[in-house]
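Colleague: I'd like to go through some of the labels on this model with you. Can you give me the reasoning behind each one?

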Amino acid sequence: MMTSDKQVQRDHHHHAGTVAGLISLRMTIAMTVITVVGGVIFVAGVLLGSRHEFTERGLDPNAMSVTEQFGSGMMVIDTKKAVGFTVLFVLGVIAAVALVGRYYSRKEVAPLEHAFELQKDFVADASHELKTPLAVISTRIDLIEFRRAHGQPIDSVIVDLRGDVDRMNGIITDLLVAARGAVDTEPVALAGVIGQSVDSVRPLADKRSVELRTHIDGDPSHFVVRGNAVGLSRCLVAVLDNAIAHSPAESAVTVSLGYHHHGDVAIRVTDCGSGIGSDPERLFRRFARDDDGTEHQGYGLGLALARDVANRYGGMLSVESTSSHGTTMLITLPLAA
């Protein structure tokens with residue numbers, strides 16, 4: 001890991017040096033062109049502003065003694081016009097340098113700003129995505145301590161804990177893949193994703209006295225999509241976590257799997273909460289928080305990230321219905337050919 005980090009740092013410094021060198025080269029070329037063009041215009045302006053003093057006075061330069069000293073074709077510079085063109089030249093160069101500097105700075109720094117934004121998003125996304133599995137792990141540890149204190153077996157809980165750690169490792173890997181913009185797909189059976197997702201959040205549901213129910217409308221083997229099992233589980237866990245957090249105690253959250261219109265498959269997550277108001281789309285904006293008086297006041301990333309995952313695999317996450325009696329979230333994904 002240390003070697004990898006050092007390599008990343010070297011690559012970062014190399015990239016920064018390359019960008020700086022590129023900016024310097026382009027600025028040098030641009031300044032050279034500006035100076036040459038400006039100089040030509042300046043000289044032409046001064047010459048045009050000059051006058052053949054002897055000729056204008058009706059004198060023959062060849063007959064003047066000064067010709068013998070300085071040669072023929074003497075030209076007298078018009079001082080006022082020369083000063084005026086000099087001032088314009090200096091102002092023009094200053095303005096051109098400012099415009100060129102601004103243009104190249106914005107152009108070359110834009111990719112770095114984009115990379116920085118991606119880095120901030122990744123840190124925020126990773127922090128949020130790890131909150132749920134860490135909460136589950138904490139709950140498992142509490143259960144282990146309780147069982148040990150009462151002389152109960154803990155082997156099964158330790159196995160579950162190992163599974164939680166493996167899932168967290170998978171989430172980190174999926175986040176890194178998503179940060180690179182890569183889309184790694186394979187046939188995924190949604191029934192297995194639902195079972196795994198429900199098992200991963202069950203400790204949270206038990207802690208809040210919320211029952212988790214599943215329903216599959218048809219042959220489970222028919223519901224296969226192109227995607228990534230870890231990514232799709234991330235999407236469903238985020239929706240389930242939100243549903244559990246906003247469900248009253250002793251109620252139920254139902255996950256159903258079935259067909260949707262146009263050959264898509266639909267996953268519906270229905271809770272018995274108080275609804276989400278008249279503007280459900282706000283919940284899918286990053287860092288949008290819904291202060292509904294519950295204890296679950298997150299950072300407004302869960303559903304936004306869940307929609308990003310669904311979109312990555314050609315699907316969609318939306319609010320199908322909501323009322324004071326509950327909300328149904330709909331995840332649609334295209335069936336694999």
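**Helix 5 and its two sides**

Modeller: Sure, and keep in mind that this is a predicted model. Let's start with helix 5, where the buried residues are T132, P133, V136, I137, T139, R140 and I144.

Colleague: How do you know that they are on the same side of helix 5?

Modeller: They cover an arc of only 160 degrees around the axis, so they sit on the same side of helix 5. The face turned away from that buried side carries E145 and A149, which are exposed.

Colleague: What makes the span of helix 5 agree with its number of residues?

Modeller: Helix 5 has 19 residues, 131-149, and at 1.5 Å a residue they should span 27 Å. Its end C-alpha atoms are 27 Å apart, so that agrees. Just after the helix, G151 has a positive phi of about 70 degrees.

**The aromatic pair**

Colleague: How many aromatic pairs turn up in the whole structure?

Modeller: The search finds 1. It's F223 with Y259, ring centres 4.7 Å apart.

Colleague: Why is this pair called tilted?

Modeller: The planes are at 45 degrees. Under 30 would count as stacked and over 60 as edge-to-face, so the pair is tilted. F223 is in the loop between strand 2 and strand 3, Y259 is in strand 4, and they are 36 residues apart.

Colleague: Why does F223 count as buried?

Modeller: F223 has 0% relative accessibility, and buried means under 20%. Y259 is at 47%, between that cut-off and the 50% for exposed, so Y259 counts as partly exposed.

Note on methods. Residues are numbered from 1 along each chain as its sequence is written. This is a predicted model: local features need pLDDT of at least 70, side-chain atom pairs count only at pLDDT 80 or more; totals for chains, interfaces and linings use all residues. Side-chain values use heavy atoms; hydrogens and water are left out. Helices (H or I, at least four residues) and strands (E, at least two) are DSSP runs, numbered from the N terminus. The expected span of a helix is 1.5 Å times one less than its number of residues. Buried means under 20% relative accessible area, exposed over 50%, partly exposed in between (1.4 Å probe, protein chains only). The arc is that of the directions from the helix axis to the C-beta atoms. Rings of Phe, Tyr and Trp (its six-membered ring) pair if their centres lie within 6.5 Å; planes under 30 degrees apart count as stacked, over 60 as edge-to-face and the rest as tilted.
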